[in-house]
Amino acid sequence: MITKEKVIQFIKKNNNVVSRSPYGVQCRFIKLNDKWGVKVFHRKDTRDYAYDNQKAAAKYKLGPQIGQKFDLPITLSEDYDGYCYITEVAKILIKYRYDYDRWEDHKYTKLWDEITEKYKNRINTLCMKLQKKINWDFETDSHIGNVGLLNGKLVCIDFG
Ligand SMILES: Nc1ncnc2c1ncn2[C@@H]1O[C@H](COP(=O)(O)OP(=O)(O)O)[C@@H](O)[C@H]1O
Ligand SMILES: [Mg+2]
């Protein structure tokens, strides 16, 4: 299992990987190996909220497995914020970055729409299951940048 110490070591050694890792409004996702990654949130309350939701969803295989929850030491968190949890890595459907310029990139928008069309029924089913099993509303944020595949099964990856 990946521990807090291993994550700290990884971040110290792999600055380039960390700075190129995908991020959204709330967190950055750093892939540590093929199976595990870490999500680093700006805020403690959003980290805790996402952690609780993902933990509940993982029980029903509606989200990736979850590991340790921890805070980075101040010395590191000045650069990277500090509120983390370990997550299983899902196969993403489209590279996603919180970057408005991308929306003006026609090819990217087209690809986004095509993949959305392809997965729309499966995304709806996933939303319904999350609502029913863990009583959580994913629908408003259920775009294809927030879902992924685990063993071919569609799962939610953004529980914030
Ligand atoms: N479990 C995961 N497996 C693989 N990639 C992930 C995972 N979680 C997040 N990501 C990647 O990181 C990006 C940002 O994570 P996300 O949870 O959507 O953050 P935000 O809440 O800030 O949008 C995702 O769009 C995706 O590319
Ligand atoms: Mg997201």
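**Nonpolar core, central strand and ligand shell**

In the largest nonpolar core, which comprises 31 residues, the members that touch the most others are Val40, Cys84, Leu126, Leu130, Val147 and Cys156. Two or more residues are given to this core by each of helix H1 (4-13), strand E1 (27-31), strand E2, helix H3 (44-59), strand E4, helix H5 (106-134) and strand E7 (153-156), and H5 supplies the largest share, namely five residues. The structure described here is a predicted model. In soluble globular proteins, nonpolar side chains tend to be buried together.

Strand E4, which spans residues 83-88, is mostly covered, with five of its six residues buried. E4 is joined by six bridges to strand E2 (residues 36-41), and these two strands run antiparallel; within this pairing, threonine 87 of E4 stands opposite glycine 37. An antiparallel arrangement also relates E4 to strand E3 (residues 66-71), here through four bridges, and threonine 87 in E4 stands opposite isoleucine 66. Threonine 87 thus faces glycine 37 as well as isoleucine 66. Both E2 and E4 are among the elements that give two or more residues to the largest nonpolar core.

Ligand 1 is surrounded by 20 residues, of which Gly24, Gln26, Phe29, Tyr96 and Asp158 are the closest. When the residues of this shell are divided by character, 11 are nonpolar and eight are polar, whereas one is charged.

Technical notes
Residues numbered from 1 in each chain as written. Chains lettered and ligands numbered in written order. Predicted model: local features only at pLDDT ≥ 70, side-chain atom pairs only at ≥ 80, totals over all residues. Near = placed C-beta within 6 Å. Nonpolar A, V, L, I, M, F, W, Y, C, P; charged D, E, K, R; others polar. Buried ≥ 20, exposed ≤ 12 C-beta atoms within 10 Å, placed from the backbone. Pairing = 2+ DSSP bridges. Core = buried A, V, L, I, M, F, W, Y, C linked by C-beta atoms within 7 Å.
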